[in-house]
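Reader: Got a minute to walk me through this one? I'd like to start with the sheet and then jump around a bit.

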Amino acid sequence: MMSLYVPGQSWLHRCPAGVKFVLLCVISAVLLAMHDLWLLGLAFVATLMLYASLGPQGVRQVSALKPLAFLLVILFLFHLMTGDWQQGLRLILHLGSMVLLANLVTITTRLDDMMAALRPIFQPIRFLGLSPSVPALAVALVIRFVPELLRVYNALAEAYRAKTGARGSYRLIAPFMIQALAMSENVAEALSARGGASGFEPAGSARDKNAVGGAAMKEEIPS
Amino acid sequence: MGFWKRKTMAKTGQSGLDLTSQPYAVFEDVGLEMNQTEILQGVSLTLSEQRIGIVGLNGSGKSSLVRLLNGLRLPSTGSLKVFGQPVGAVRGQLPRHVGFVFQNPDHQAIFPTVEEEVAFGLTQLGNSKEDARVAARALLRRYGVEALADKPFTGLSEGQKQLVCILSVLVMDPEILILDEPMSSLDGLATRRIAALLRDLSQKLVMISHDLSLIDGFDRILWMEGGRLKMDGPPDAVLPAYERDINLKAQAAAADQASAGPL
């Protein structure tokens, strides 16, 4: 598993991130208000066509729905049993279209564009003395380090299997947490070494020492 | 933090880094203590050479020593000036002038794709996203890896990862580049490529290495042992002495084991 962004030059890649976000919100709201099965089916097909417009690589990305498929089937069966298969189908089309549309934005928007588009939303936290780029950076870190954490877990599971012959168990949770925390220390240090979460203050500013975030800030300054 | 900090701040007003100052770093009886453990003791040094290598066994204080240079750690005792200023007073400004490349590239890269990662330092300095991206791409092109720009970092080879990490620091155009065992995860070929890249840099280098062949052409070698500076001099004096010492220690350990009998 890599980061979710799929590099490319499609028209959706070129579309500004802010526009995509606003459209996603509007379309999702409209979808939720729609109850006509035909219209919903049409919307779902239109969503699939959007993927198709990205070329074969885009079509492959429809697999984003796979983790959800199980849930959708269960939901449909549930409604079938309660005798309202139409409501079940409606639910599937709602969820399916919305997830696919959101995923479409994710795979065609570079992380830093996404961060820039989200920054205005986080402006209010300025009043708390935080930089609006901090939550945006947090999002970036999550996307970057999910595959990394999976790798750490797999390495642990492999070591466990090498020693016991058994598959990974709940016992790996504690060592995994410890390794993840140790890793976060390293990442925080690396972030500090490049100006911290809020970036460098303009040269000569009085807030010099606050410009370094992460590990350097957490650490007690020796006296 | 010492009273000297506020005094100098008042005197110079601004951060007042003198980037041309020679020596660029002056340690006076520097000690470092973390969690009630002495990490460094009585280190006095002046650094001005273009290429400085640091050797020493694990836990000898090498990593902590170099982390003092860019403000990742602050000395507990003694005084340390970098670019003519006490490190405590200029901690926030130091990282842009003293770049740091870590041992493990996987822990250093913050962004999912290569171009974003390299551009990050420039946006940190207040450049616009577009300018940063253009400059990042230009730097990738200069090192012949523009094709990596849109690639996810996780998918790179170890050598490419470390190259990207180095470029993401070089993009800020630091005066000094610190490298903490940068080759430890690389194969022989990648090591040579990175070494060649480092050789051609105009920056001053301070590099920790267990591979002595990588630093035997340097101007000066520092040998750390038990948190102290054990030896300091040109490579042809320090490196053979260091190797001899390792051999003696290995022999002593083997003799100990033999006298203890079979396990």
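**Strands, helices and one valine**

Author: Sure. Strand E3 (residues 51-55) and strand E9 (residues 220-225) of chain B pair in the parallel sense, over 4 bridges. Keep in mind that this is a predicted model.

Reader: Which residue is the bridge partner of B:Ile54 in E9(B)?
Author: That's B:Leu222.

Reader: And what's the order of the strands in the whole sheet?
Author: In chain B the order is E6-E7-E8-E3-E9-E10, an open sheet of 6 strands with mixed pairing. E6 and strand E10 (228-233) of chain B each have a single partner strand, so they stand at the edges with one side lacking a neighbour in the sheet. On average, neighbouring strands are turned by 20° against each other, direction ignored.

Reader: Which helices lie across those strands?
Author: H7(B) lies across E6 and E7 of chain B, at about 165° to E6(B). Helix H9 (residues 235-259) of chain B lies across E3, E9 and E10 of chain B, and runs at about 30° to E9(B).

Reader: Let's zoom in on E7(B). Is it buried or exposed?
Author: Buried. All 5 of the 5 residues in strand E7 (residues 176-180) of chain B are buried, so the strand is largely enclosed by the rest of the structure.

Reader: Which way do its residues point?
Author: B:Ile176, B:Ile178 and B:Asp180 point one way from E7(B), while B:Leu177 and B:Leu179 point the other way. Every one of these is buried, the aspartate included.

Reader: What does E7(B) pair with?
Author: Strand E6 (residues 98-101) of chain B pairs with E7(B) in the parallel sense, over 4 bridges, and B:Phe100 stands opposite B:Ile178 there. Strand E8 (residues 204-208) of chain B also runs parallel to E7(B), joined by 5 bridges, and in that pair B:Asp180 stands opposite B:Ile208.

Reader: What unit do E7(B) and E8(B) make with helix H8 of chain B?
Author: A right-handed β-α-β unit, with H8(B) covering residues 188-199.

Reader: Switching topic: how do H5(B) and H6(B) pack?
Author: Helix H5 (residues 114-124) and helix H6 (residues 129-142) of chain B pack at an angle of about 120°, with their axes 8 Å apart. That makes H5(B) oblique to H6(B), and the crossing is right-handed.

Reader: Which residues meet there?
Author: From H5(B), the residues include B:Val118, B:Ala119 and B:Leu122, and from H6(B) they include B:Ala132, B:Ala136 and B:Leu140.

Reader: How many residues of H5(B) are buried?
Author: 10 of its 11, so to speak mostly covered. Among the buried ones are B:Glu115, B:Glu116 and B:Glu117, along with B:Phe120.

Reader: What do those buried residues pack against?
Author: Parts of both chains. From chain A there are helix H7 (111-118), helix H8 (133-164) and helix H9 (173-192). From chain B there are helix H4 (105-108), H6 and helix H7 (158-170).

Reader: And what follows H5(B)?
Author: B:Gly126, with a positive phi near 100°.

Reader: Last one, over in chain A. Why does A:Val6 count as buried?
Author: Because its relative accessibility is 14%, and buried means under 20%. A:Val6 lies in the segment before helix H1 (11-14) of chain A.

Reader: What is A:Val6 in contact with?
Author: Leaving aside neighbours within four places in sequence, A:Val6 contacts A:His13, A:Gln57, A:Gln61 and A:Ile107.

Note on methods
Residues numbered from 1 in each chain as written. Chains lettered and ligands numbered in written order. Predicted model: local features only at pLDDT ≥ 70, side-chain atom pairs only at ≥ 80, totals over all residues. Heavy atoms only, no water. Buried < 20%, exposed > 50% of the residue type's maximum accessible area, 1.4 Å probe, protein only. Helix = DSSP H or I, 4+ residues; strand = E, 2+ residues; numbered from the N terminus. Pairing = 2+ DSSP bridges. Right-handed = clockwise from strand over helix to strand, strands pointing away. Axes fitted to C-alpha atoms, helices over the stretch in contact; angles between N-to-C directions. Parallel < 35°, antiparallel > 145°, perpendicular 65-115°, else oblique. Left-handed = near helix turned anticlockwise from the far one by under 90°. Contact = heavy atoms within 4.5 Å.
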